[in-house]
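Biologist: Could you take me through one part of this model slowly, in the order in which a first-year student should look at it? I would like a sheet and the helices around it, with each step tied to the residues involved.

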Amino acid sequence: MERPIVYVISDSVGETAELVVKAALSQFSYEGNYKLFRVPYVDNLNILKQTIEQANRNGAIISFTLVDPVFRKYLKKEAAIYGIECIDIMGPMMDAMARVYNQAPRQEPGLVHKLDEDYFKRVEAIEFAVRYDDGRDPRGIGRADIVLIGVSRTSKTPLSQYLAHKKFKVANVPIVPEVNPPSELFKVSPSMCIGLKISPEKLNDIRRERLRALGLGSQASYANMERIQLELHHFEQIVDRIGCDVIDVSNKAVEETANLIINMMNKK
C-alpha cells in the first residue's frame, strides 16, 4: 500500500489530533512511513475548503479537532461530497458531555493549552519561591513579582509558597539587626514589597513554641522580649526606608494574609 497521508485540522495547535492519529497509525505496519499535514489555528471556512481540495488530490484522509459547530458541520459535509474519510476526534465526546451534563460547551479553542500554561507558570513560581527563600540569593529580589520582608517567624516562607500556587513569583528577605539588608531591596519599586508586621507578644509566643518543638529552652535570646523589641524596631526602620506597605500578621492565617497581598497587587 502507498504511504498514508493524513491531514490534521484544528482551531488550536492540533497536537491532540496528531497524537491520536499517530497512535492509530502505530497499530499498522507503516513504521513511520506516513505523512502528516497539520493545519492549525483554523479561523475561516476558506482554509477548510483549501485543505479538503488538497486532501482530495492526495488521496488523504482528514482528522480534526474543531470546537466551532459551524466549522465541524462544513468540514464533514464538504468531505462527504468528495468521498473523503473525515474523522471528528473531539466532537462526539463534546456532544455526549453536553447531553449528560446538560451544559453547552464553551466552544473556545485552545483551552487545554491555556490550562497547561497555567500549570507550568505555577510550577515555575513554586521553584522560584524555593530558590529565593529566606534571602538566600538577593538576585531574586529584582526578578520577583512580590518581595516579602519581615523578622523571623512571620510566615514569610509559607506565604511565599501559597502565593506561588497563585502564580506569583515571590522572594522573601529576613530582617535581622546584625545583618544589612541586601542592596537590591532598596532598588526595586516599593509597590513590589510587602512588610510583615507582628506584635511583640504574638512573636514571643510563636518563638517560644518553636524552641520547645526543637527541644531547646525557652530562655534563649531568640524568644527574649528585649531581643524581639530590638528586631521589630529595626524592621520598622527598614520598611520606612523602603516606603512599602505593611500588613499586620499577628492574628491572621496565611490564607488571609495572602488574599490581602493579592488584592493589593491587583490594585497596583
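Modeller: What follows is a close look at one sheet and its surroundings, with a shorter look at a second sheet afterwards.

Please keep in mind from the start that this is a predicted model. The part I would choose is an open sheet of 4 strands, in the order β6-β5-β7-β8, with parallel pairing. In general, the strands of a sheet pair through backbone hydrogen bonds, either parallel or antiparallel. The edge strands here are β6, residues 170-174, and β8, residues 245-248, each of which pairs on one side only. From one strand to the next, the twist averages 25°.

To see how two neighbours are joined, follow β7, residues 193-197, which runs parallel to β8 and is connected to β8 by 4 bridges. A place to look for this pairing is Gly-195, which stands opposite Val-246 in β8. On this sheet packs the helix α10, which touches β5 (146-150), β7 and β8, and the direction of α10 makes about 160° with that of β8.

Now move to the other edge, where Val-173 lies in strand β6. Is Val-173 buried or exposed? Its relative accessibility is 4%, and because buried means under 20%, Val-173 counts as buried. If neighbours within four places in sequence are left aside, Val-173 is in contact with Gly-135, Ile-141, Val-147, Leu-148, Ile-149, Gly-150, Lys-156 and Pro-182. As for distance, Val-173 and Thr-157 are 16 residues apart along the chain, and their C-alpha atoms are separated by 9.6 Å.

The helix α10 also leads us to a helix pair, for α7 (residues 156-164) and α10 (residues 254-267) pack at an angle of about 60°, with their axes 10 Å apart. That angle makes α7 oblique to α10, and the crossing of the two helices is right-handed. On the α7 side the residues that meet α10 are Pro-158, Leu-159, Tyr-162 and Leu-163, while on the α10 side they are Val-254, Glu-255, Thr-257, Ala-258, Asn-259, Ile-261 and Ile-262. Sorted by class, the residues of this contact divide into 8 nonpolar, 2 polar and 1 charged.

A second helix pair can be read in the way just practised. Helix α8, residues 200-213, packs with helix α9, residues 225-242, at an angle of about 120°, and their axes are 10 Å apart. This makes α8 oblique to α9, and their crossing is right-handed. From α8 the contact takes in Pro-200, Glu-201, Leu-203, Asn-204 and Arg-207, and from α9 it takes in Met-225, Ile-228, Gln-229, Glu-231 and Leu-232. The classes in the contact of α8 with α9 are 5 nonpolar, 2 polar and 3 charged residues.

Also in helix α9 is Gln-237, which is partly exposed, with a relative accessible area of 44%. Measuring from C-alpha to C-alpha, Gln-237 and Ala-79 are 73 Å apart in space and 158 residues apart in sequence.

Finally, turn to the other sheet I mentioned. This too is an open sheet of 4 strands with parallel pairing, and its order is β2-β1-β3-β4. Its edge strands, each pairing on one side only, are β2 (35-39) and β4 (86-88). Neighbouring strands of this sheet are turned by 20° against each other on average, if direction is ignored.

Within this sheet, strand β1 (residues 5-10) and β2 run parallel and are joined by 5 bridges. The bridge partner of Tyr-7 in β2 is Phe-37, and that of Ile-9 is Val-39 in β2. In a regular strand the side chains alternate between the two faces of the sheet. In β1, Ile-5, Tyr-7 and Ile-9 point one way, Val-6, Val-8 and Ser-10 point the other way, and all are buried. Since 6 of the 6 residues of β1 are buried, β1 is largely enclosed by the rest of the structure. Helix α1, residues 15-25, lies across β1, β2 and β3 (61-65), and runs at about 165° to β2.

Key. Residues are numbered from 1 along each chain as its sequence is written. This is a predicted model: local features need pLDDT of at least 70, side-chain atom pairs count only at pLDDT 80 or more; totals for chains, interfaces and linings use all residues. Side-chain values use heavy atoms; hydrogens and water are left out. Axes are lines fitted to C-alpha atoms, for helices over the stretch in contact, and angles run from 0 to 180 degrees between N-to-C directions. Angles under 35 degrees count as roughly parallel, over 145 as roughly antiparallel, 65 to 115 as roughly perpendicular and the rest as oblique. A crossing is left-handed if the near helix is turned anticlockwise from the far one by less than a right angle, and right-handed if clockwise. Contact means heavy atoms within 4.5 Å. Ala, Val, Leu, Ile, Met, Phe, Trp, Tyr, Cys and Pro count as nonpolar, Asp, Glu, Lys and Arg as charged, and the others, Gly among them, as polar. Buried means under 20% relative accessible area, exposed over 50%, partly exposed in between (1.4 Å probe, protein chains only). Two strands pair if DSSP finds at least two bridges between them.
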